[in-house]
Amino acid sequence: MPARNPYQSPVSESRAPSQRNRRMWLQRWLAVGILGLAIAFLSLAYGVVLVGVPSPDATPEIVILDRHRREILRTGGLAAKPVDLSTLPEALPQALIAIEDKRFYQHPGFDPIGLARAMQANVQARRVVQGGSTITQQLAKNVFLTREQTLKRKTQELMFAVWLELRMSKTEILETYLSRVYFGGGTVGIESGAQRFFNKPARDLTANEAAMLVGLLQAPDRLNPLKNRQACAERTAKVLRKMQEQGYLSQDAYAKAMTTPIEIEPLVLRKNVGSGYFTDWVLTEMDTKIGAPKGNITIETSLDLTLQSQAERAVRDGLDTKRNAQQAAVVTFDGAGGVRAMVGGVDYRHSSFNRVLSSNRQPGSAFKPFVYAAAINQLRLSPCDEFPNQPYTIPKGKYGIPEDWTPENSDLKYG
């Protein structure tokens, strides 16, 4: 018989398997419990972050009226034409996927690789230089969520993207995205974009035209070809290069697209186009104050369309009679402070940048009275003091200046 370990209890051998089974049973049920709690937590979080998220089937219609209840803008609802991907040139979705989301057909709504790459780039640059958002996340953010930069909204974007992927096919996601993307100037959807810049239906777009429209989505105002042709051309070239690198364009097709001129033929697609500066401001304020509307909404404003037209005409006529002036802006108010007219630039179609609200300029000579007033007060001068217009040197130490100083006129002449 084998020697028995003197330190082992006679019953320990029989009890060991039972204890091991008990530990394994406890570990198994502990794992199941943790998994159940995790599922419950994720379900609760999913429900919390999706509170207030509108259905993708319902796009609220927004109507903006002037002070006399005349319609300024109607957007959303049925304004964006539905897209049938099978009727569009292949280059259009290919360009979109190449520049925005090359793993679109592989990910479940978010791209872990893209997110990791964007996070690394942002950490190295110490600022946000990449977003890492997929096409599905962009659809969730731009169409179904507000633009507020909060953790809840970011979480909603990611979870809603996964929900969209579960509910819609990849083709449906692309169709919904292309029917609701924004090209600036109040232009919504690829059909309206094709008409606005090329005066043709989207089905007739060439590869370089498709690349240009897709490139605009990054910054519709800054990349507007009617405003900044060079920046638009560089962005279009980048999209075409990505298409060639990912195999969507052959070398010959790439060379042809890069060397074929793009003819811009702008078309105005909305009435009251000049009031776009005002309605852009109203929609931004709407997002800030009430977030994304959960149903159709009508916004009554203080604008007067008649006065708005007169202000637009005044800007155009004023530039025609003055030299070296390329832009102008006008804003008028009623007695209660309500905006009656807002013209942020010469032509909203060419530049939607609102110079009334966003153009911060140096005051120039308008600041001189403040400087003169401070000097007069400091030197205790009176209105009777005279200063001849002739060369004059202020000696070192006088008025506290560190060295001799001789002021000069800009033309170096004296009257």
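Val-371 is partly exposed in this predicted model, because its relative accessible area of 46% falls between the limits of 20% for buried and 50% for exposed residues. The residue sits in helix H13, which covers residues 368-379, and together with Phe-367, Phe-370, Tyr-372 and Ile-376 Val-371 makes a nonpolar surface patch of about 540 Å².

From the surface we can turn to the interior, where the largest nonpolar core holds 47 residues, and where Leu-178 and Leu-213 touch the most other members. Two or more residues of this core come from each of the helices H2 (91-100), H4 (135-144), H5 (151-167), H6 (170-180), H7 (190-198), H8 (207-216), H9 (229-245) and H10 (251-259), and H2 gives the most, with seven residues. Apart from this core lies another one, of twelve residues, which includes Ile-72, Leu-73, Ile-299 and Met-342.

The surroundings of Leu-213 can be followed residue by residue: leaving aside residues up to four places away in sequence, Leu-213 touches Phe-183, Ile-190, Gly-193, Ala-194, Phe-197, Phe-198 and Leu-205.

The cysteines deserve a separate look. A disulfide is a covalent bond between the sulfur atoms of two cysteines, and a search of the whole structure finds zero of them. Cys-232 is buried, because its relative accessible area of 4% is under 20%, whereas Cys-384 is exposed, because its relative accessible area of 67% is over 50%.

Terms used
Residues numbered from 1 in each chain as written. Predicted model: local features only at pLDDT ≥ 70, side-chain atom pairs only at ≥ 80, totals over all residues. Heavy atoms only, no water. Disulfide = S-S within 2.5 Å. Buried < 20%, exposed > 50% of the residue type's maximum accessible area, 1.4 Å probe, protein only. Core = buried A, V, L, I, M, F, W, Y, C linked by side-chain atoms within 4.5 Å. Helix = DSSP H or I, 4+ residues; strand = E, 2+ residues; numbered from the N terminus. Contact = heavy atoms within 4.5 Å. Patch = residues over 30% accessible without salt bridge, like charges linked within 9 Å, V, L, I, M, F, W, Y side chains within 5 Å. Areas by Shrake-Rupley, 256 points an atom, 1.4 Å probe, with all protein chains shown as cover. Salt bridge = Lys/Arg side-chain N within 4 Å of Asp/Glu carboxyl O.
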